[in-house]
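Work through the exercises below with the sequence and the coordinates open. Each task is followed by a stepwise solution.

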Amino acid sequence: MSPATPMDVVRSGTRDPLDVLRLREQFPVLARQVHGKPLVYFDNAATVQRPLAVIEAMDGFYRRYNANVHRGVHQLSVEASEAFEQSREDLRRFLNASSEREIVFTRGTTEAINLVANSYLGPRLKPGDEILITHMEHHANIVPWQMLCERTGAVLKVAPINRRGELMLDAMAELISERTKLIGVVHVSNALGTVNPVAEVCALAGKHGVPVLVDGAQATPHEKVDVQALGCDFYCLSAHKMYGPTGIGALWAREALLEDMPPWQGGGEMIRWVSFEGTTYNDIPHRFEAGTPNISGAIGLGAAIRWLEQTGVERIKDHEQRLLDLATEKMSQVEGLTIIGQAADKGPVISFILEGVHPNDLGTIIDHHGVALRTGHHCAMPAMQFFDVPATARVSFAAYNLHSEIDVFLNGLEQARQMLA
Amino acid sequence: MALARLYQQVILDHNRSPRHFGRLADVTHSARGLDGLCGDDILVELQVADGRIKAAMFSGTACAVTTASASMLMDWLEGRGLGEIEAAVARFESLLADPELPDAPDLGAINHLRAVAAFPARVRNALLPWQTVVRALSGSA
């Protein structure tokens, strides 16, 4: 492990700082080596590592009370159902939703967006209607709408961004009309780091009565999210970005909207009564959870939320913002390095290009320093096209990253430059 | 060490000064090779006459592995009969897959690209120009 520097425990504001070294002990994977070097995990925007609390919660389910949920009268099924529903309550509290009936478990953000596209918006769209998104969206908040437009004759509109990678709110406002049936906006951009003014977008949309869907995948591990304060209508998230397992996420939606939405997948769990003459559907949120759900995943997500709450999202944010500031400052001094995405309000994500070194080659060389970073288009090709780059390299930070790891990364960067540029 | 083998002088040289780089006049066959995930985007242009590749050029932006692979391949292609290409592609693929195989003398400098076999995530980069040539020859300009 890289040594901690005094900066890792610097006090910030009125909050107790994170004890990053002790926190790292909760993440078994951080002890491993890669190519003979200590792992420096800077690919957190792709997926974060899991703490023991999450690993053990899932392990405990399989060891002690593995059973299907909402189906049996036996003790194991009761315990599994309680743990599963406890996670829904954990998520309700975490998002400050008014009812756990508003929380639908999905496979992740992507499935949550597809659920809204198919069940909410699909039946409402007519040819010529419009869906408004932004130029910095992840493919998950582009392609489902494109598919819907193809099916219905609706039109996808794109709100512009400026050269810093910030949403141009005034231009967005001009694109909202009576034809606009939904606005989709990413809370924190995975490719640029931009934190979008979601509450302002919602206020803007509210004037026209347009519902807003927020892609929160990248926000939940870094920002205190309060869906009622944001004023949005749909909020989508993925557990694996917030210290939970892969394959599980959720859609939060206003109760009245969910009540009005038909199911989108048929099967067990989502029904109340089935006969060949007809079927009565279950109440929300179960109506949208056909089939045996990802029970261990939901239990892992609940454990991740409790871990986040105990650790403190705001404390994590303070720590990550210091990492972001330090890395931004040091990287700005590297000759030939350009940071893509320089919004005033940024999450702990730095996309960049290095003159003369293709991101792919940089990724390979720096991997041999033990540093895991992401290269490519980050599932946001239109954003890459806006900045006229085919790909970037990206470092992204989490609660367990150390200031000294930034120097390991910069050494790798220097070697890549010497080899290739 | 594998990293030094991958970024050896020959490959770096082809990356810095790619041969046959640019646009070709009188193109008979062409194809675009895209790897969205990596950001590689190349255009292969060929001039075929009398069953032979008279000229081969590539352009675009790509990583060092793709660029070096394209540069070496274009070099090798010029003057080849169309009947030779399919077997060469198959041989190149097996050279990348099996480190026990001896070098293929007729492929010349291309054998240096075998270093990529130690980097499974990068094999696709070495193959992209070859796949693009195959697609170009299966269609026309």
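**Exercise 1. Describe the overall build of chain B.**

Step 1. Among contacts in chain B between residues at least 6 apart in sequence, 65% join residues at least 24 apart; two residues are in contact if their C-beta atoms, placed from the backbone, lie within 7 Å.

The model is predicted: local features need pLDDT of at least 70, side-chain atom pairs count only at pLDDT 80 or more, and totals for chains, interfaces and linings use all residues. Residues are numbered from 1 along each chain as its sequence is written, while chains are lettered from A and ligands numbered from 1 in the order in which they are written.

Step 2. Chain B contains five helices and three strands. Helices (H or I, at least four residues) and strands (E, at least two) are DSSP runs, numbered from the N terminus. Read from the N terminus, the order of elements in chain B is α-α-β-β-β-α-α-α.

Step 3. The radius of gyration of chain B is 14 Å, close to the 14 Å that the globule rule gives for 141 residues, so chain B is as compact as a globular protein of that length. The radius is taken over C-alpha atoms, and the rule is 2.2 Å times the number of residues to the power 0.38.

Step 4. The C-alpha trace of chain B spans about 45 × 30 × 25 Å along its principal axes. Of its 141 residues, 40% count as buried. A residue is buried if 20 or more other C-beta atoms lie within 10 Å of its own, exposed if 12 or fewer, and partly exposed in between, with C-beta atoms placed from the backbone.

**Exercise 2. Lay out the seven-stranded sheet of chain A and find its edges.**

Step 1. The strand order in this open sheet of chain A is S4-S10-S9-S8-S7-S5-S6, with mixed pairing. Two strands pair if DSSP finds at least two bridges between them.

Step 2. S4 and S6 of chain A are the edge strands, each with a single partner strand, so one side of each has no neighbour in the sheet. On average, neighbouring strands of this sheet are turned by 20 degrees against each other, direction ignored.

Step 3. Take one antiparallel and one parallel pair. S4(A) and S10(A) (residues 249-253) are antiparallel over four bridges, and A:Val104 has A:Leu251 as its bridge partner in S10(A). S5(A) and S7(A) run parallel and are joined by three bridges; there A:Leu132 has A:Ile183 in S7(A) as its bridge partner.

**Exercise 3. Determine what packs on S4(A) and on the sheet.**

Step 1. S4(A) comprises residues 103-106 and is covered on both faces: A:Ile103 and A:Phe105 are buried on one side, A:Val104 and A:Thr106 on the other.

Step 2. Helix H3 (residues 75-95) of chain A lies across S4, S9 and S10 of chain A, at about 115 degrees to S4(A). H4(A) lies across S4, S7, S8, S9 and S10 of chain A, at about 40 degrees to S10(A). Axes are lines fitted to C-alpha atoms, for helices over the stretch in contact, and angles run from 0 to 180 degrees between N-to-C directions.

**Exercise 4. Find the buried side of helix H5(A).**

Step 1. In H5(A), residues 143-152, the buried residues are A:Pro144, A:Trp145 and A:Leu148.

Step 2. Seen down the axis of H5(A), these residues fall within an arc of 95 degrees, so they line one face of the helix. The arc is that of the directions from the helix axis to the C-beta atoms.

Step 3. Their cover includes H4, S5, S6 and S7 of chain A. After H5(A) comes A:Gly153, with a positive phi near 80 degrees.

**Exercise 5. Locate backbone exceptions in chain A.**

Step 1. Most residues other than glycine have a negative phi, and most peptide bonds are trans.

Step 2. A:Tyr243 is not a glycine, yet its phi is positive, about 75 degrees. A:Tyr243 sits in the loop between S9 and S10 of chain A and is buried, with 30 other C-beta atoms within 10 Å.

Step 3. A:Asp388, also not a glycine, has a positive phi of about 60 degrees. A:Asp388 is exposed, with 7 other C-beta atoms within 10 Å.

Step 4. The peptide bond joining A:Ile284 and A:Pro285 is cis, with omega about 0 degrees.
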